Structures are given as structure tokens and as C-alpha cells.
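Here are a few exercises to work through with the structure beside you. Try each task first, then follow the solution step by step.

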Amino acid sequence: MSAPGAPDATLVLRDGSTVAVRPIEARDEAALADFYGKLSPESRAFRFFASTTDVREIAKRLAISDFESQFGLAALAGNELVGHAVYIVTAGTRAEMGLAIADGYQGRGLGILLLGRLAEAASHAGIDVFTAVVKADNHRMLDLLRDSGFPLWLRSEPGEVHADFPTELSAEARQNFERRDALAALAAVNRFLAPHSVAVIGDSLDPETTGGTILRHLLSSGFAGHVYPVNGTGEPVGGGKAYRSVRDIPEPVEMAVITVPAIAAVDVAGECGQKGVRALVMTTGGFAESGPEGTELQNRLLEVCRQAGMRLVGPNCMGVLNTSPQVRLNASLVPELPLRGRIGFLSQSGSLGLAVMEHARAVGSGFSAFVSVGNNADVSGNDLLQYWEADPHTSVILLYLESFGNPRRFARLARRIGRHKPIVAVKAGRTG
């Protein structure tokens, strides 16, 4: 069940990791009690003006969303509740809002994203004004409200600050949220295009296999980071050490390229999440492009990624590459790094992407980076637009898309970015 204006969503935090957000339900009562019970005494005092509170009674009252008198949002990292936002109608079209973030997630941008989602839901429900009652020494919450871009009306009372603000996003607030979204996209995409370490995972990494090909391209490109072959057996690959599972790698792994068959890919993605991988490239086909069963499998893959805070390129893609001399990443099926240039290129069709790069080489043109998004399940044109907007090594953005994740947002981004960086976008129908 979703409230008007507040469907289930995935929020990208400042560091590029993700949390799932959905409306609070009665079944969340125990999770809410656990969440508030684990807050530090200071965080609990800031939220409820007292560090000693009956969290079970609080959870019972707050695990309600009737969309008329009260509505709440839960932010979840995996199965753990890490953030809670709620509004309670006080009179007419006014409501008091409250916000709490797990101590380990404070300072990562989750609070202001939850505030934005809560305000959007309230506005759709006919709530015009939020009131927040904040302890005078709760500087983090006061800074959050000031930085949000919502116009504030403040008044001080003994030990408290009362803030009133409209639920409708102002132009400044919208710009602030878009700026934060851009920073989150930059952090997320950077893990794909400039990772410190890459694991290549396949049933076999023999030279003729997809995994073996990508491993060979990665090594021959002169990649500046660490490369870890994972072949399910741990038998050496090309005379070098390999691992049975990504979980067996003793060092941190930032990005993984998965080439195992679809039937095993979701479980392997789960192992990557357990390892702490944050960027997943899935070249494997057999997902949404193959029919209803594949669509269900892709949904399971996305759920695994969301629970682990991983971003996904693919599935059913050719991989990613970055020609920067400081990175030299070719984690793709493209035979060799293209010429160094200033074109950022995203293609939803792998074969067309390869053909474009071959033609560009023939005429002497080059690229800063290439991303093959395949089924476009997670990381999309919107993310790449914001990344290349900030990239000083990219002057032109080239996109071949068969589907838009969020067409309206794409249009807003393209208008803004196109003012200072040319965008060449081709939209085609899916051909399979």
C-alpha cells in the first residue's frame, strides 16, 4: 500500500550507497521499537526531548499510516530500519513532522532526502504547512532545515525552536534536492568508472568465455587498480591466483563484473553484497529481455542490490570502460580501449555501441568513457548525465536509449546540462 505521492523508492545517499524507502505499516511496529531502542541517548533525546522513553509505546503509536491524520516513511538498508519520518495532522491543512536517522547513517544525506519525500506525500494529501519542534541545541536538525531550501518561519521558545515551512517545494528547495542528487549520482557512477579494485566472476574464466574475455581486456588495458579472478573453483587462471568466491578475497572489492548464467547470477550478486561490493556490472542475459520469468529474476536481482546498497549496471550489457590515463579501465567486451577523447557514451544496445566505437576509431575520434547499460534496470541515462556534467574530461554526451527510467526527470536534466555540454541523444524502440 502506497500513499499518494509517496510510492516505494530507492534513495541514493551522498556516498553513492542506497536505501529503500516505503510507507510505514503496522507490521513495522517491532522494527520501529528496535530502531528507536538502538538510537544513542543523545539522538533519542533530540527526537523525543527525553533520552529515557518507552520505545515500545512510541512504536505502537507511530506504526500507523492512515494517509489522513498520520503518515510515516521507513528507510531500510536490507532488512534493517535506518530512518523514520512521520507527520501528524494538527489542524486543517497543517501537520507536525518528526525525523530520526540511525546514528550510523547520520551525515550521509538520508535525513534531507526523507524530509523531501515526506513533504511531497503531505502536499499530495492536502497538507500545506509543516511544523517542526526542535531542541535548541539540535544543531544538525536545524542545519538540515536551513539547508533544505524550504522557506522557514522560525520562532524561539525556552529550549526549543519552532519552524514552519510549506510542503510544496520552492524553486530553491528543488535546486538543492537536484544538487544533492547529482552529488550522489557522481559518487555512485565513480565506483563503476574509477574503481580501486575489480572482481571478474564467471563459472569459468577460460579465454573463450565472456568472463575470460573481460578479464583479458581488463588486464591488457593496464588497469590501475587490483584485479581478482573468481571462477568458482579457486584453480589458477592464466598462471595467476583465482578465488572460489568473491567472499574469499581478503582485500576490499569495490566493483564486480558478473558473467555467470542467469540462474546463478542472483545468488552470486548476494555474495557480492555480503562482501561489501558497491558497484555491480551484470553482463549476463536471460533477464527482463527474455520474458516474464526473466523479468521476475531481474526483480529479484534488484532487490538483492537494494538490500546490500549496491548499484547495478545491466543486466544483459557489455560492460564499462574509462580511457583516463589514471584509470585505464576496460571491464567490457570491447576488444581494446578506444582512443582517448572527450565524448561520454552510453548505449543501451551493446552491438550498436561497439559499432559506434569502431567507426569513431576509424575516423580518429575518441571517448572519455563508455557505459553499456543493457536492460537499464538501475544505473541509467539520468545518472550518467549528472556524472558527465561534472566530469572535466567530458565535453560531449552521446546517448543511445531504448527506454527512459524517468522521462520527465531526463528532460529536466537534459535541458540544464545541455546549456553547457552538447547532448546527442537517440531514442529507439526496443529490438530485443
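Two strands count as paired if DSSP finds at least two bridges between them. Keep in mind throughout that this is a predicted model.

**Exercise 1: the open sheet**

Task: Find the open sheet of 5 strands and work out in which order the strands lie and which of them stand at the edges.

Solution:
- Step 1. Trace the strands across the sheet: the order is β10-β9-β11-β12-β13, and the pairing is parallel.
- Step 2. Look at the edges, where you will find β10 (226–230) and β13 (311–313). Each has a single partner strand, so one side of each is left without a neighbour in the sheet.
- Step 3. Now follow the twist, which averages 20 degrees from one strand to the next.
- Step 4. Zoom in on β12 (residues 279–282), which pairs with β13 in the parallel sense over 3 bridges. Here Val281 has Val313 of β13 standing opposite.

**Exercise 2: the largest pocket**

Task: Describe the largest pocket by its space, its lining and the residues closest to its centre.

Solution:
- Step 1. Start with the space: the largest pocket holds about 1,600 Å³.
- Step 2. Go to its centre. The lining has 46 residues, and Thr10, Arg117, Asp181, Asn406 and Arg409 are the closest to that centre.
- Step 3. See which elements contribute. At least two lining residues come from each of β1 (9–12), α4 (110–124), α6 (171–193), α9 (292–308), β13, α11 (381–390) and α12 (407–417). You have already met β13 as an edge strand of the sheet.
- Step 4. Sort the lining by class: 17 residues are nonpolar, 13 are polar and 16 are charged.

**Exercise 3: the second largest pocket**

Task: Repeat the description for the second largest pocket.

Solution:
- Step 1. The space in this pocket is about 880 Å³.
- Step 2. Its lining has 40 residues, and those closest to the centre are Leu99, Ala100, Ile101, Asn138 and Met141.
- Step 3. Among the elements that each supply at least two lining residues are α2 (41–48), α3 (55–62), β4 (80–91) and β5 (94–101). Helix α4 is on that list too, just as α4 contributes to the lining of the largest pocket.
- Step 4. By class, the lining has 20 nonpolar, 8 polar and 12 charged residues.

**Exercise 4: salt bridges**

Task: How far apart are the closest N and O atoms in the salt bridge of Arg94 with Asp164, and are the two residues buried or exposed, or partly exposed?

Solution:
- Step 1. Side chains of opposite charge can pair when their charged atoms come close. The structure has 18 salt bridges in total.
- Step 2. In the pair of Arg94 and Asp164, the closest N and O atoms are 3.0 Å apart.
- Step 3. Place the partners: Arg94 lies in strand β5 and Asp164 in strand β8 (residues 160–166), so the pair ties together parts that are 70 residues apart in sequence.
- Step 4. Buried means under 20% relative accessible area. Asp164, at 13%, is therefore buried, while Arg94, at 32%, is partly exposed.
- Step 5. Widen the view: a network of salt bridges links Arg94, Arg155, Glu157 and Asp164.
- Step 6. Set another pair beside this one. Arg56 forms a salt bridge with Asp54, with the closest N and O atoms 3.9 Å apart. Arg56 is exposed, at 61% relative accessible area, and Asp54 is partly exposed, at 41%.

Definitions and conventions: Residues are numbered from 1 along each chain as its sequence is written. This is a predicted model: local features need pLDDT of at least 70, side-chain atom pairs count only at pLDDT 80 or more; totals for chains, interfaces and linings use all residues. Side-chain values use heavy atoms; hydrogens and water are left out. Helices (H or I, at least four residues) and strands (E, at least two) are DSSP runs, numbered from the N terminus. Axes are lines fitted to C-alpha atoms, for helices over the stretch in contact, and angles run from 0 to 180 degrees between N-to-C directions. On a 1 Å grid over the protein atoms alone, a cavity is a set of points where a 1.4 Å probe fits but cannot get out, and a pocket is an open set with protein on both sides within 12 Å along at least five of seven lines; lining residues have an atom within 4 Å of a point. Grid points are joined across faces, edges and corners, and a volume is the space filled by probe spheres set on the points. Ala, Val, Leu, Ile, Met, Phe, Trp, Tyr, Cys and Pro count as nonpolar, Asp, Glu, Lys and Arg as charged, and the others, Gly among them, as polar. A salt bridge is a side-chain nitrogen of Lys or Arg within 4 Å of a carboxyl oxygen of Asp or Glu. Buried means under 20% relative accessible area, exposed over 50%, partly exposed in between (1.4 Å probe, protein chains only).
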